[in-house]
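Colleague: I should like to understand how the terms applied to this structure are justified. May we take them one at a time?

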Amino acid sequence: MNTIREIIIQDFVTRLALITTAGGYATNIGTHVLRARKKIDPSELPAVIIWPGAETPYHKSGALFCVMTVKLEGIALFGTEDPSVIAEKILGDLKKCVLATNWTRTPEYIDGIVYTGGGDSDSPDDGQTTAGAYVSFDVKYQTKLDDPCSQ
């Protein structure tokens with residue numbers, strides 16, 4: 001059985017796969033959605049990498065409330081386009097996708113998602129062919145105090 005945290009991460013994977021130009025976005029970074037991967041093969045680009053982070057818990061009324069940090073990193077080849085322009089498109093797509101109110105199934109176990117920052121990844125060095133951007137969110141959720149798989 002999956003924990004609520006794992007279910008939330010899986011929801012992010014599903015949601016981020018929507019980021020395609022056919023889906024109304026500026027990039028196709030949802031083509032490949034990967035989890036916590038430092039090395040990406042060029043054949044896997046464009047891509048979004050999900051970095052589930054630390055969580056901060058607090059107890060209240062017999063429940064465990066958590067705020068989990070989720071970092072998302074979008075990477076794409078920039079070809080002849082200005083890498084800064086590609087990075088800004090990626091940044092916009094990531095924010096638009098996660099903060100949209102039209103999730104096909106609003107997860108009842110998510111108490112809130114707050115954008116905490118983001119921006120252009122480092123400018124590409126000479127010979128580098130990729131550009132990217134990152135965003136961070138705080139995802140609030142709760143579980144039973146003695147069961148991370150239940151609310």
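Colleague: What makes the contact between the side chains of Glu-81 and Lys-89 a salt bridge?

Modeller: In this predicted model, the N to O distance between the side chains of Glu-81 and Lys-89 is 3.3 Å. A salt bridge requires a Lys or Arg side-chain nitrogen within 4 Å of a carboxyl oxygen of Asp or Glu, and the pair therefore qualifies.

Colleague: Why are Glu-81 and Lys-89 called partly exposed?

Modeller: The term covers relative accessible areas between 20% and 50%. Glu-81 has 37% and Lys-89 has 29%, so both values fall in that range.

Colleague: How many salt bridges does a search of the whole structure find?

Modeller: The search finds four. Among them is the pair Arg-35 and Glu-6, whose closest N and O atoms are 2.9 Å apart. Arg-35 lies in strand β1 and Glu-6 in helix α1, so this pair ties together parts that are 29 residues apart in sequence.

Colleague: Arg-37 and Glu-44 also form a salt bridge. Why is Glu-44 called buried?

Modeller: The closest N and O atoms of Arg-37 and Glu-44 are 2.7 Å apart. Glu-44 has a relative accessible area of 17%; buried means under 20%, so the term applies to Glu-44. Arg-37, at 30%, is partly exposed.

Colleague: How do you know that there are zero disulfides?

Modeller: A disulfide requires two cysteine sulfur atoms within 2.5 Å, and a search of the whole structure finds zero such pairs. As for accessibility, Cys-66 is buried at 3%, and Cys-97 is buried at 0%.

Colleague: What makes β1 and β4 the edges of the sheet?

Modeller: The open sheet has five strands in the order β1-β2-β3-β5-β4, with mixed pairing. β1 and β4 each have a single partner strand, so one side of each is left without a neighbour in the sheet. β4 and β5 run antiparallel and are joined by nine bridges; in one of these, Val-114 has Asp-138 in β5 as its partner.

Colleague: What makes the peptide bond between Leu-45 and Pro-46 cis?

Modeller: Its omega is about 0°. Pro-46 is found in the loop between β1 and β2, and Ala-36 lies in that loop too.

Colleague: What is notable about the phi of Ala-36?

Modeller: Phi of Ala-36 is near 45°, a positive value in a residue other than glycine. Most residues other than glycine have a negative phi.

Definitions and conventions
Residues numbered from 1 in each chain as written. Predicted model: local features only at pLDDT ≥ 70, side-chain atom pairs only at ≥ 80, totals over all residues. Heavy atoms only, no water. Helix = DSSP H or I, 4+ residues; strand = E, 2+ residues; numbered from the N terminus. Buried < 20%, exposed > 50% of the residue type's maximum accessible area, 1.4 Å probe, protein only. Pairing = 2+ DSSP bridges.
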